[in-house]
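This report describes salt bridges and the surroundings of a bound ligand. The structure is shown first, and the description follows.

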Amino acid sequence: MSSPEQPSAPSSSVSTTSALLEREPGWWRSAVVYQIYPRSFADSNGDGIGDIPGITSKVDYLASLGVDVVWLSPVYASPQDDNGYDISDYEDIDPTFGSLADLDDLVAALHARGMKLVMDLVVNHTSDEHAWFQESRDPASPKRDWYWWRPARKGSTPGSESAEPTNWASFFSGSAWQLDEQSGEYYLHLFSRKQPDLNWENPEVRQAVYAMMNRWVERGVDGFRMDVINLISKQPTLQDAPAVPGRPFVPAFEQFANGPRLEEFLQEMNAAVGLDERHLLTVGEMPGSTIELARRVTDPANSELNMVFTFEHVGLDAAPGGSKWDLAPLRLPVLKQNLAAWQEGLAGVGWNSLYWDNHDQPRAVSRFGDDSPEHRVNSAKTLATVQHMHQGTPYVYQGEELGMTNTQFVDISAFRDIESVNYHAEATGLGLESETVLASLAARSRDNARTPVQWDDSSHAAFTQGIPWLPVNANYVYLNAAAAVADQDSTFHHFRELIALRHELPVVVEGRFALLLPDHEQIWALTRTLGDQVLLVVANCSSSPATVPAGALPDVSGARLLLSTHPGATSAELAPWESRIHLIG
Ligand code: NOJ
């Protein structure tokens with residue numbers, strides 16, 4: 001695809017307030033968000049890593065898709081241990097991605113096209129190279145209590161076996177505690193040892209975070225996606241989790257997630273930054289959240305967050321009681337009933353976020369659809385149809401609109417993601433066959449979603465003029481944005497039409513949800529009702545033909561067929577991955 005013309009963005013010397021955009025109350029309910037993982041989106045300078053000017057060069061592409069908001073994964077200063085989710089300076093941009101001036105230009109370019117920018121907010125932890133943590137390493141420092149420092153377990157010598165203050169496992173393998181030789185104490189890191197957890201019990205930490213957020217809002221950003229925000233409140237007693245035989249460190253979610261002060265902190269943040277008052281978009285990543293908690297957090301009366309990212313639906317293809325690496329088959333009734341429970345649970349009170357994939361999840365079409373040449377396009381379209389017709393704010397992950405697929409790495413040396421690399425080392429160390437581990441990685445590694453966006457069929461898919469930091473998927477020669485934009489029948493145009501429907505029809509935004517045929521193994525059917533209008537979605541989520549049981553769905557004679565994967569078809573027979581949206585009334 002030829003690069004869209006560079007927008008005439010104002011230079012950063014222009015007052016940033018000129019970039020501020022009016023935000024109507026509740027505007028995010030009818031919005032579609034597009035997530036950009038900057039490292040893999042578009043590289044402007046040939047170093048093989050995507051950057052902010054690269055994103056700015058693609059704003060016309062985003063505008064043509066019709067999305068309202070860009071959520072930008074972290075671009076702050078960072079040693080890049082976890083690709084930017086380890087921040088060493090919240091107030092600056094990492095040179096890998098550009099400069100503050102580049103960010104101002106991006107904000108202005110988006111605002112000039114009526115789009116908004118949401119920044120990632122990573123405040124459960126910082127980088128160990130952040131000045132706050134560096135200062136905190138001195139036991140006499142006033143910042144010692146800004147992080148979770150603890151002595152070795154009673155009766156043990158620091159550094160000896162099982163001397164860690166608790167038996168908690170890190171999300172990235174091994175212990176969640178790291179000994180700092182300098183002070184002889186351990187610090188908590190729920191992710192890598194270069195991501196020490198901030199101690200939100202300390203009011204100075206909270207005030208420093210809110211002040212930083214305020215500065216970003218004043219700079220012109222329109223909201224925040226809050227990284228693992230439900231980990232900011234932990235059970236302050238830091239107790240061991242129940243032991244698991246044969247495992248030195250164990251998952252300890254109950255101890256460090258959804259702690260007793262979570263909602264208090266969120267309310268305090270909301271007031272201190274004026275999140276509601278300024279009509280900012282707020283979405284909190286909350287693994288392990290229940291429907292009840294999400295309902296309270298997203299209830300506007302509580303002034304916490306607009307919506308949360310929940311994880312139940314992306315955990316349904318893991319073996320019960322196992323980790324994400326323990327693969328298990330997924331049955332459609334389980335998936336659709338889970339989404340329905342969230343729809344019903346939040347109805348009329350809170351608000352859902354809707355996503356199939358992101359930078360931490362495998363590609364949707366490879367996981368929930370069928371990425372074979374025969375079914376890839378229709379399954380990508382049908383998954384999108386089902387997602388966008390639920391109630392909530394849809395999130396499109398870069399390349400999802402093209403039907404991009406998982407990678408095919410066969411050797412561990414190809415992986416770059418810290419979680420994948422650590423898991424391979426730990427699991428093979430514990431005696432698991434390398435082949436089994438590689439099969440899990442092929443299905444679940446975060447690198448699946450992180451291969452560069454495929455822009456056209458030229459070298460490295462035009463992602464970079466250099467060598468990409470992660471290889472481009474070989475299917476870029478036919479699966480790319482240029483081809484998709486040129487083909488009216490592509491997944492790109494299907495996404496564009498879904499987004500347009502949301503903007504045109506209040507029933508897509510506000511319609512009451514109902515799941516039909518909840519136990520059907522192939523068909524996902526639902527209605528959305530507003531006044532006398534009923535939206536009926538019928539989707540065959542399988543690679544075999546399916547038949548709609550007689551009399552099971554509302555009559556569609558006289559209804560408008562708004563969008564379909566197989567134009568013109570209306571019979572009770574559904575082709576593999578065929579889906580239709582009807583408007584009745
Ligand atoms: C969730 C982010 O989405 C993920 O990419 C990151 O590794 C962890 N939080 C730690 O920040």
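Arg-450 is buried, with a relative accessible area of 1%. The model in which this residue appears is predicted. Arg-450 belongs to a network, built from salt bridges that share partners, whose other members are Asp-82, Lys-324, Asp-360, Asp-417, Glu-419 and Arg-446.

**Salt bridges**

The model contains 31 salt bridges. Three of them are listed below with the separation of their N and O atoms.

| Acidic residue | Basic residue | N to O distance |
|---|---|---|
| Asp-180 | Arg-137 | 2.8 Å |
| Glu-263 | Arg-296 | 2.9 Å |
| Asp-417 | Arg-450 | 3.5 Å |

The salt bridge between Asp-417 and Arg-450 links distant parts of the chain, 33 residues apart: Asp-417 is in the loop between strand S13 (393–397) and helix H12 (418–429), and Arg-450 is in helix H14 (residues 447–450). Asp-417 has a relative accessibility of 2% and counts as buried, and Arg-450, at 1%, is buried as well.

The side chains of Asp-180 and Arg-137 also meet in a salt bridge. Because Asp-180 lies in strand S7 (residues 177–180) and Arg-137 in the loop between helix H4 (131–136) and strand S6 (149–150), this pair ties together parts that are 43 residues apart in sequence. Asp-180 counts as buried at 6% relative accessibility, whereas Arg-137 counts as partly exposed at 21%; the limit for a buried residue is under 20%.

Glu-263 forms a salt bridge with Arg-296. Glu-263 lies in helix H7 (residues 262–273) and Arg-296 in helix H8 (residues 291–298), so the pair ties together parts that are 33 residues apart in sequence. Glu-263 is buried, with a relative accessible area of 19%, while Arg-296 counts as partly exposed at 40%.

**Ligand surroundings**

There are 13 residues around the ligand, and those that come nearest are Asp-82, His-125, Asp-227, His-359 and Asp-360. Asp-82 and Asp-360 are also among the members of the salt-bridge network. By class, the shell comprises seven charged, four nonpolar and two polar residues.

Several side chains place polar atoms beside ligand oxygens. A polar side-chain atom of Asp-82 lies 2.5 Å from an oxygen atom of the ligand, and one of Asp-227 lies 2.7 Å from an oxygen atom of the ligand. For His-359, an N or O atom of the side chain is 2.8 Å from a ligand oxygen. The ligand taken alone exposes 300 Å², of which the protein buries 97%.

Notes: Residues numbered from 1 in each chain as written. Predicted model: local features only at pLDDT ≥ 70, side-chain atom pairs only at ≥ 80, totals over all residues. Heavy atoms only, no water. Salt bridge = Lys/Arg side-chain N within 4 Å of Asp/Glu carboxyl O. Helix = DSSP H or I, 4+ residues; strand = E, 2+ residues; numbered from the N terminus. Buried < 20%, exposed > 50% of the residue type's maximum accessible area, 1.4 Å probe, protein only. Near = heavy atom within 4 Å. Polar contact = N/O pair within 3.5 Å; in protein donor to acceptor, adjacent residues only side chain to side chain. Areas by Shrake-Rupley, 256 points an atom, 1.4 Å probe, with all protein chains shown as cover. Nonpolar A, V, L, I, M, F, W, Y, C, P; charged D, E, K, R; others polar.
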